[in-house]
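Open the model in your viewer and keep the sequence panel beside it. We will go from the whole chain to single side chains, one selection at a time.

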Amino acid sequence: MAPAHEPAPGTTPTLDPAQLIAEARRAFFTVFTVVCLVWAVQLVNWLTDERLALLHGIRARDADSLGYLLTAPFLHLNWQHLEGNSGPLFVFGFLAAYRGVRKFLGLTALVVVTSGMAVWLFERTDVVTVGASGVIFGYFGYVVLRGLFDRNLIDTLIGLAMGASFAYILTTAVPGTPGVSWLGHLGGLVGGLAGAWIFRTRGAKAPASLTAAARPDGEVPGPAEAPALGRGGAAPVSPRADLLKELDDLGL
């Protein structure tokens with residue numbers, strides 16, 4: 001077994017290739033399962049002449065439909081609606097999940113709520129809103145910003161590539177876009193951007209500085225009397241240590 005190397009204090013721990021492959025495999029099967037579930041729900045919706053979507057979609061400012069914030073992302077009006085969402089859902093879902101399925105599930109809960117609440121609060125009352133597009137926008141926003149907050153070069157490059165390649169979809173998250181719920185898109189996007197910060201990877205904390213031992217006469221040894229540092233010894237406390245610690249806690 002190869003020896004484990006601990007990350008330097010204040011740095012972000014990295015996954016070895018085997019761990020990364022294992023996380024990617026879990027992400028693939030998790031997102032694939034979600035997509036299969038959405039298709040299974042659409043089959044039931046089709047068999048009921050789309051009544052499932054109409055009954056369990058979000059109706060703005062209707063207290064009885066608040067619980068449908070959790071069901072609306074799994075429902076689609078028709079097969080064409082689902083087909084248009086399936087590819088982006090899988091691609092952005094996988095990119096959002098491959099660094100950790102637990103974070104992905106937390107992110108999903110966040111964007112479901114922000115997307116659904118934007119619709120519930122501000123949409124017209126004469127429409128029913130369903131579809132996974134709000135969640136897709138949440139994953140997109142998360143993928144674009146995650147690398148910056150995690151200080152991860154690979155994820156930053158992925159975010160730049162995805163942002164440049166799919167920036168055109170942001171046109172459906174602005175007021176006046178016909179035929180789509182731009183409010184759901186905008187709410188999901190805001191949730192995804194916030195999720196990049198909320199679910200960022202925290203770096204390992206530096207060990208607490210050791211307090212110099214008092215001499216028998218009660219005085220603290222001066223710098224000249226401090227023992228020389230050996231391997232594994234504590235580093236001298238920098239005058240800027242408190243400031244650096246605060247910045248690290250803020251992720252800056």
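Colour by secondary structure and follow the chain from the N terminus: the elements run α-α-α-α-α-α-α-α. That comes to 8 helices and 0 strands, where helices (H or I, at least four residues) and strands (E, at least two) are DSSP runs, numbered from the N terminus. This is a predicted model, in which local features need pLDDT of at least 70 and side-chain atom pairs count only at pLDDT 80 or more, while totals for chains, interfaces and linings use all residues. Residues are numbered from 1 along each chain as its sequence is written, and side-chain values use heavy atoms, with hydrogens and water left out.

**Colour by confidence**

Now switch the colouring to pLDDT, the predictor's confidence in each residue, from 0 to 100. The protein averages 83, and 74% of the residues score at least 70. Select residues 1–12, where the pLDDT is below 50; beyond near neighbours in sequence, this stretch has 13 contacts in the model (a contact means heavy atoms within 4.5 Å). Then select residues 223–235, where the pLDDT is again below 50 and the model has 5 contacts beyond near neighbours in sequence.

**Turn on the surface**

Show the molecular surface next. The protein exposes about 15200 Å², and carbon and sulfur atoms supply 68% of it; these accessible areas come from the Shrake-Rupley method with a 1.4 Å probe, and for residues only the protein chains shown count as cover. Of the 252 residues, 32% are buried. Here buried means under 20% relative accessible area, exposed over 50%, and partly exposed in between (1.4 Å probe, protein chains only). Among contacts between residues at least 6 apart in sequence, 77% join residues at least 24 apart.

**Select α1, residues 17–47**

Hide the surface and pick out α1 (17–47). The expected span of a helix is 1.5 Å times one less than its number of residues; for the 31 residues of α1 this gives 45 Å, and the end C-alpha atoms are 45 Å apart, which agrees. Show the side chains of E23, A27, V31, V35, V38, V41, Q42 and N45, which are buried. The buried residues of α1 pack against α2, α3 and α4. Just after α1, click on D49, which takes a positive phi of about 60 degrees.

**Step to α2 and the loop after it**

Select A53 in helix α2 (residues 51–55). A53 is buried, with a relative accessible area of 2%. Which residues touch A53, leaving aside its neighbours within four places in sequence? They are N45, L75, H76, V128 and V130. For a distance label, join the C-alpha atoms of A53 and T129: 8.5 Å apart in space, although 76 residues apart in sequence.

Move on to L70, in the loop between α2 and α3. At 57% relative accessibility, L70 counts as exposed. Its C-alpha is 9.4 Å from that of H56, with the two positions 14 residues apart in sequence numbering.

**Select α4, residues 101–122**

Helix α4 has 22 residues and reaches 31 Å from its first C-alpha to its last, close to the 32 Å expected. Its buried residues include V101, F104, L107, V111, G116 and W120. What covers the buried residues of α4 includes α1, α3, α5 and α7.

**Look for the rings**

A pair of aromatic rings is described by the distance of the centres and the angle of the planes. Rings of Phe, Tyr and Trp (its six-membered ring) pair if their centres lie within 6.5 Å; planes under 30 degrees apart count as stacked, over 60 as edge-to-face and the rest as tilted. The count comes to 11 aromatic pairs. Select F92 and F140, an edge-to-face pair at 5.4 Å centre to centre, with 80 degrees between the planes. F92 lies in helix α3 (residues 79–97) and F140 in helix α5 (residues 133–150), so the pair ties together parts that are 48 residues apart in sequence. F92 is buried at 3%, and F140 is buried at 4%.

Next, select F149 and W197: their ring centres are 5.4 Å apart and their planes at 80 degrees, so this pair is edge-to-face. F149 is in helix α5 and W197 in helix α7 (residues 182–198). F149 is partly exposed at 26%, and W197 is partly exposed at 33%.

Stay at W197 and add R200, whose charged end sits over the W197 ring, 3.7 Å from its centre. The rule here asks for NZ of Lys or CZ of Arg within 6 Å of the ring centre and within 35 degrees of the ring normal. For a last stop, select F28, F29, F32 and F90, which form one aromatic cluster.
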